[in-house]
Amino acid sequence: MTVFPVNYGVKKNAYKKTVNGFLPSSVVIPLYLEESGECEPLVNPGDKVTEGQLIAVSKNKSLKSNVNIFSPIPGTVQSIELTIMPRGKTVYGIRIKLQGTFSYLGKKIKPLDIKSFSPSSVIKKISNYGIFNSFITNEPKVFSEQLEKARKNTNKLLIVRLFDEDPSRMADQLVTSLFIQQVFTGAELTALGMEADGIVFVGDKDFIESDLIKNHSFQIPVTVLQADSKKYPSTFIREICDNAKKVIKETPFDKINKHDVYTDSTTVFEVYRSLCFDKPVIDRYIHISGDCIPASGFIRVPLGTTIMNLAEHCGGFIKSPAAIIVNGMINGVAAVSLDAPVTKYIKSIRFLPSMQSPDQRQSVCVRCGNCRRVCPRQISPDIIFRHISGGLAASPEYLKSAALCVDCGLCNSVCPARLPLSQSIYNYKSGDINDNQ
């Protein structure tokens with residue numbers, strides 16, 4: 001495992017490679033997938049399972065794609081028990097005790113001939129292997145459903161973001177820097193599945209100035225859009241579209257719009273790993289950091305590994321964590337338990353001591369105006385929130401401006417009253433909150 005002392009600074013170019021983490025004695029696989037909901041187990045306590053065996057399927061019949069769950073390790077099913085998800089939801093999960101031999105781990109597997117793949121076979125494989133799109137970590141999507149829908153569009157592009165939209169997280173840029181050629185191949189396979197007219201790679205200055213694109217022989221039109229990895233927000237869908245329309249003039253990329261398929265380097269890397277090696281999604285690369293552990297690391301662990309196990313990978317706790325931040329300080333959430341398992345949408349874990357943990361207690365709005373000043377879309381989150389929460393009614397102009405919100409969460413980060421501004425606006429514009437004013 002590649003690890004660095006916390007005070008090293010932890011820059012992406014400091015990581016030269018990543019290896020497998022330690023194998024846990026058991027894993028817990030939640031019978032729940034974010035977009036598809038509850039899943040039905042195909043195994044019972046006492047059953048023997050192999051690495052990569054299908055163990056559960058989605059109960060959601062409205063999905064056209066298969067939403068499958070596979071065993072990340074060989075072993076014995078110990079129980080089907082209640083487990084807590086990183087975001088706090090309590091669901092049933094399958095506990096598997098490690099036993100037996102591996103089918104994939106440690107094996108030299110010859111890659112498949114991907115030149116023989118057709119668009120339909122690519123989408124079918126992405127569906128069967130259980131790949132989710134983690135472009136928006138709080139809303140992971142069934143990737144095959146997105147690609148199938150995109151195939152029906154007349155003009156369609158694949159947009160691949162190569163660094164994290166949350167500047168406090170560095171999982172996507174680590175995948176890009178360590179596995180760039182695999183990311184390119186995964187992007188091409190994804191583009192084939194959706195029958196895209198071209199691929200737009202959204203990269204930072206270092207990527208733009210490199211010769212990586214030139215050294216890869218693409219079979220589809222490709223262009224690169226430069227974005228500032230230190231600026232936030234810069235790579236949400238709306239920002240990417242606005243930026244592209246200013247600087248990209250060549251066909252077919254000048255037709256970029258919000259209905260195209262947006263994904264990240266982590267997702268297309270999963271496409272590469274699954275399709276090229278005929279392997280379901282059973283593990284995850286996780287960036288682990290924070291002042292509560294003696295070292296940081298970017299490691300691959302089986303799905304179902306607990307957050308506590310991740311801390312042990314990096315030397316255990318030297319300070320008690322007051323907060324466990326999943327997927328970044330701005331866009332992420334605070335995990336409620338060290339026993340929560342790694343799922344398909346987790347990219348990073350940060351362990352924060354008490355002196356770095358913000359006070360989450362809510363109070364009344366103090367009308368400081370911070371949320372208005374920081375909003376990149378120049379709306380008034382406090383006025384909209386007050387209306388939603390049953391306070392002073394807002395005029396229609398303010399309520400209509402909620403549609404401009406890009407869900408960046410900056411208003412939350414600067415609010416001294418710790419009000420759920422971003423979440424409330426998201427629910428309002430999504431129709432989850434009825435306007436009874």
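Which residues in helix 6 are buried? Let's keep that one in mind while I walk you through the surroundings. Hello everyone, and a word before we start: what you see here is a predicted model.

Let me begin with the sheet. It is an open sheet of four strands, and the order across it is 14-13-12-15, with parallel pairing. Strand 14 and strand 15, which covers 261–264, are the edge strands, each pairing on one side only. If you look from one strand to its neighbour, the average turn between them is 25°, ignoring direction.

Now please find strand 13, residues 198–203. Six of its six residues are buried, so strand 13 is largely enclosed by the rest of the structure. As background, side chains in a regular strand alternate between the two faces of the sheet. Here, Gly198, Val200 and Val202 point one way, while Ile199, Phe201 and Gly203 point the other way.

Who are the partners of strand 13? On one hand there is strand 12, residues 157–161, paired with strand 13 in the parallel sense over five bridges. You can follow this pairing by eye: Leu158 stands opposite Ile199 of strand 13, and Val160 stands opposite Phe201. On the other hand there is strand 14, residues 222–226, which also pairs with strand 13 in the parallel sense over five bridges. There, Ile199 stands opposite Val222 of strand 14.

Back to my opening question. In helix 6, the buried residues are Glu239, Ile240, Cys241 and Ala244. Helix 6 spans residues 237–247 and lies across strands 12, 13, 14 and 15, running at about 110° to strand 14. Those four strands are among the elements that cover the buried residues of helix 6.

Helix 4 meets the sheet as well. Helix 4 packs on it, touching strand 12, strand 13 and strand 15, and its direction makes about 155° with that of strand 12.

From helix 4 we can step over to helix 1. Two packed helices are described by the angle between their axes and the distance between the axes. For helix 1, residues 119–128, and helix 4, residues 180–194, the angle is about 115° and the axes are 7 Å apart. The two are therefore roughly perpendicular to each other, and helix 1 passes helix 4 in a left-handed crossing. Pro119, Val122 and Ile123 of helix 1 make this contact with Leu189, Leu192 and Gly193 of helix 4. Sorted by class, that gives five nonpolar residues, one polar and no charged ones.

Helix 1 has another partner, helix 2. Here the packing angle is about 155°, with the axes 8 Å apart. That makes helix 1 roughly antiparallel to helix 2, and the crossing is again left-handed. On the helix 1 side we have Ile123, Ile126 and Ser127, meeting Phe143, Ser144, Leu147 and Glu148 in helix 2. By class, this contact has four nonpolar, two polar and one charged residue. Do notice Ile123, please: this residue takes part in the contact with helix 4 and in the one with helix 2.

One last stop: Asn153, in the loop between helix 2 (143–150) and strand 12. Why does Asn153 count as partly exposed? Because its relative accessibility is 29%, and partly exposed covers the range between under 20% and over 50%. Asn153 and Glu195 are 42 residues apart in sequence, and their C-alpha atoms are 9.7 Å apart in space.

That's my tour, thank you for listening!

Conventions. Residues numbered from 1 in each chain as written. Predicted model: local features only at pLDDT ≥ 70, side-chain atom pairs only at ≥ 80, totals over all residues. Heavy atoms only, no water. Axes fitted to C-alpha atoms, helices over the stretch in contact; angles between N-to-C directions. Parallel < 35°, antiparallel > 145°, perpendicular 65-115°, else oblique. Left-handed = near helix turned anticlockwise from the far one by under 90°. Contact = heavy atoms within 4.5 Å. Nonpolar A, V, L, I, M, F, W, Y, C, P; charged D, E, K, R; others polar. Buried < 20%, exposed > 50% of the residue type's maximum accessible area, 1.4 Å probe, protein only. Pairing = 2+ DSSP bridges.
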